[in-house]
There are 2 protein chains.
Amino acid sequence: MIIDSHAHVVAPPELYAYQANLVASRGAAGRGRHSISDEQIQRTTEPHIERMKSVGTDMQLISPRPYTLMHSMRPPEIVRYWVEATNNLISRQAQLYPEQFRGVAGLPQSPELPIEVAVEELTRAVTELGFVGALINPDPTEGQGDPPPLSDPFWYPLYAKLVELDVPALVHSAACINPRETFHAHFITEESIAILNLADSKVFDEFPDLKLVIAHGGGSVPYQIGRWRAGRFRKGSGRERFDETLRRFYFDTVLYNQESIELLLKIVGVDRCVFGAEMPGAATVQDPDTGRWMDDVKPLVDAIDWLTPEDKNRLFSENALALYSKVGTIPALATS
Amino acid sequence: MIIDSHAHVVAPPELYAYQANLVASRGAAGRGRHSISDEQIQRTTEPHIERMKSVGTDMQLISPRPYTLMHSMRPPEIVRYWVEATNNLISRQAQLYPEQFRGVAGLPQSPELPIEVAVEELTRAVTELGFVGALINPDPTEGQGDPPPLSDPFWYPLYAKLVELDVPALVHSAACINPRETFHAHFITEESIAILNLADSKVFDEFPDLKLVIAHGGGSVPYQIGRWRAGRFRKGSGRERFDETLRRFYFDTVLYNQESIELLLKIVGVDRCVFGAEMPGAATVQDPDTGRWMDDVKPLVDAIDWLTPEDKNRLFSENALALYSKVGTIPALATS
C-alpha cells in the first residue's frame, strides 16, 4: 500500500469561485454560501484518481492547498469561512472516495484571531468530519510580520488539542506577501524556523506526545545539520544531542530528487519519515529531457539501494498508518 | 595548499571596544578614533595561526565577522566607521602575515545609505588595501524590513564595480533582529532567497562576469533543488535549466558534515565549489563523543571516496585561486 501523506485537495472551480466572492465582498458573500454538487466533485476527482493510480498511490491525505489559505486576509471572517468551506469539500471528497482519501484540516489561523478559533475547527474536523490531522502555518502573517514562534505558549492550546485528539499536524506555511520571497521559498524558510524554534524550546517537554510533521523534508535543516549540531554542543554538556531533538519530529519525502531524499533518510532515520509526493503540486510538470513527471516520487525512493524492503514498506505506508492513527477509520458524517 | 575561503577576522578586543563605544555614543566616538598596536594584533593572531596549522590550513580569506556588522544600526555613520575600522584591521593583519591572510571586505550597507557608499568602500578595500573580494549582505535591515531583492537594479552599481575590479562577493547576511530567527538561521534563509531572486532575474545577463559565492553550501537550495528544477520547467520550454542557472554561482563547503558536502558537490559540481571551514565560527566546538572539532572540515572532504586527487586540489586551492584572482598578489599599502 502506498500512502501519499502530503497531498492537497483537487477541488472543483466552484469552490474557488466562492473564495473569490468572499475576497471581493470582504466576507459579505457569507458563510457557506455556495453549492457544489457531488457530480461537480466527481468531475475533478476522477481524473485525479486516475493520475494517482498511474503512479501507484493508493491513498492520499489531503489538506487545503496551502498557498490558497490566505491566512493574512482581512477581515478574519473570510479566513474562517474559507477554511470551513475547504474542509467541508475535503470531507465530501473523502466520503465519496473513502478508499482514496483522508482529510487533513486547514485551520482558521489569522494574526487577528485567537488560537482557540483554530482549536475549534480542528475539533470539528477530527470529531465530526473524521479528519486524521491538520496543517499548522507557523506564519499566519504570510511574510508580513512577526508572529509568535512555535515555541511560544500562544500555540499551547492547539498542541494540547492535537495531543488530546491524537492527530499529527503537518507544519506548512501558506502564502507569502513579500516581493523578496515566493510562497515556495517561504515554505522552506518557515519549516526551518519551525524546527529551530521548537528544538530549543520546552514544547516537547510540555507535550511529549505531540506529533509534528515537517513538510518538504524539513526545509533546510537536515542539509544544514552540522551548524545545528555544533550550536547544541556549544550550549554545554548534558544537553540532548541535536540529532536526538530532530528525531522528535517527523518528515515527509516531498523533495523530488533521490540525493536529497537519501540525505533526509540518513540524517533523521527511516522511522521518522513518511512518503509524500504532493501530487499535484509544486512539481507537477514533466522533465522535458526525460518525460518523467517530477512529482512521481516513488521511483526515487525505490531506487535507493540501501533501503531494505521493510524500510520501503515503512516509508510507503506503515509509518503513516502509525503516525496518522485515524487513517484506518472510514470517514464519518456527511456535511455540505 | 589549503585555502579556507570563508573565514572571519580574529581581532583583538580593542577593536570591539571601539565598536561598543561607537554604538553607545551613537557615532560620536568618531571615525577611526581607536588605536591598536601591532603587538595587540599579533597577540590574537598568533594562537589563531597555530590553530590553522593544526588543521592544515595554509591561508584564510578573512572578512569581518558578519553578525557583528550591525548594518541596521542607526545612525548609518556608525556602520561606515565600524566597517572601515574592521577592514583596516584586516588589512593590517594581512600585512603582518602575508602568507596566511587575504582580506575580504565588509561593506557599509545600511537601509539608509545609497549603494554608492558600499561601492566606495569596496573600491578602497580592493585598490588601496589589496583585498581580494567583499561580503554582500542581501538584508541590511537585519530581519526588520523588506530590502530590495538582489535582482533589483538597486544593486547594479555594486555588481558593476565587482566586475570592474574582478573580485567575487561572498553572499552572507549579518545580524537578525527578530525573535523568531537567530542570525544563524537567517544566514541560511538569506542565502536561499539570494539564489532564488538572482536565478529568476536578468542580473547574470547584465553582468555575465559577476562572481557570487553563496555561503554555507548555498543555504537550502541544493537540498531543495527538485522544487526549483520543477519551477523552472513550469515556466515553459526554451528556458535555461535550473541546474545550469545554479552553476552561475559559486559555493563554499561550510557545512560541517560529510553527507551534506557530498550532496552539494553532486548537485552543483566540484568546479563551482571552494573549500571553506569558517574557523573559528559557528562550529568551533568539539563533538563531546569524538573530541573532533566540528569546524575541521578538511577530513570530511578527504573522506569523500568518489573525489579524485585532482578534485580535492581544486576544492582546497585551485578553484579559490582562480575565483579570487587577486589572492596571488601580496597585500599592498599599510594603513591604520
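Me: Before I look at the interface, what counts as a polar contact here?
Reply: A polar contact is a pair of N or O atoms within 3.5 Å; within protein, one has to be able to donate a hydrogen and the other to accept it. Keep in mind that this is a predicted model.

Me: Thanks! How many residue pairs are in polar contact across the interface of chain A and chain B?
Reply: The rule finds 26 residue pairs there, both residues being at pLDDT 80 or more.

Me: Which helices of chain A supply at least two residues each to the side that touches chain B?
Reply: Those are helix 6 (183-199), helix 8 (225-234) and helix 10 (258-268) of chain A. Helix 6 of chain A gives the largest share, 9 residues.

Me: And what's the mix of residue classes on that side of chain A?
Reply: The side of chain A that touches chain B has 24 nonpolar, 14 polar and 14 charged residues.

Me: How many salt bridges are there between chain A and chain B?
Reply: The count is 6. One of the salt bridges pairs Arg180(A) with Glu190(B), with the closest N and O atoms 2.7 Å apart.

Me: OK, what about area? How much is buried between the two chains?
Reply: About 4,400 Å² is buried between chain A and chain B, and carbon and sulfur atoms give 57% of that. On the chain A side, Arg180(A), Tyr223(A) and Arg227(A) supply 24% of the area that chain A buries against chain B, more than any other three residues.

Me: How many residues does each chain bring to the contact?
Reply: Chain A brings 52 residues, and chain B brings 52 residues.

Me: Those two look alike. What rotation superposes chain A on chain B?
Reply: A rotation of 180° does it, with 0.0 Å of shift along the axis and an RMSD of 0.0 Å. That is the relation of a two-fold axis. In chain A, Ser220(A) has the C-alpha nearest the axis, 2.3 Å from it. Both copies use the same surface, since 100% of the contact residues of chain A recur in chain B.

Me: New topic: where is His6(B)?
Reply: His6(B) lies in strand 1 of chain B, which covers residues 3-8.

Me: Is that residue, His6(B), buried or exposed?
Reply: His6(B) counts as buried, because its relative accessibility is 1% and the cut-off for buried is under 20%.

Me: Which side chain does His6(B) join in a polar contact?
Reply: The side chain of Asp252(B), through a polar contact of 2.8 Å. Leaving aside neighbours within four places in sequence, His6(B) is in contact with several other residues, among them Leu61(B), His172(B), His216(B) and Phe275(B).

How values were computed: Residues numbered from 1 in each chain as written. Chains lettered and ligands numbered in written order. Predicted model: local features only at pLDDT ≥ 70, side-chain atom pairs only at ≥ 80, totals over all residues. Heavy atoms only, no water. Contact = heavy atoms within 4.5 Å. Buried area = accessible area lost by both parts, 1.4 Å probe. Salt bridge = Lys/Arg side-chain N within 4 Å of Asp/Glu carboxyl O. Helix = DSSP H or I, 4+ residues; strand = E, 2+ residues; numbered from the N terminus. Nonpolar A, V, L, I, M, F, W, Y, C, P; charged D, E, K, R; others polar. Least-squares fit on C-alpha atoms with pLDDT ≥ 70 in both. Buried < 20%, exposed > 50% of the residue type's maximum accessible area, 1.4 Å probe, protein only.
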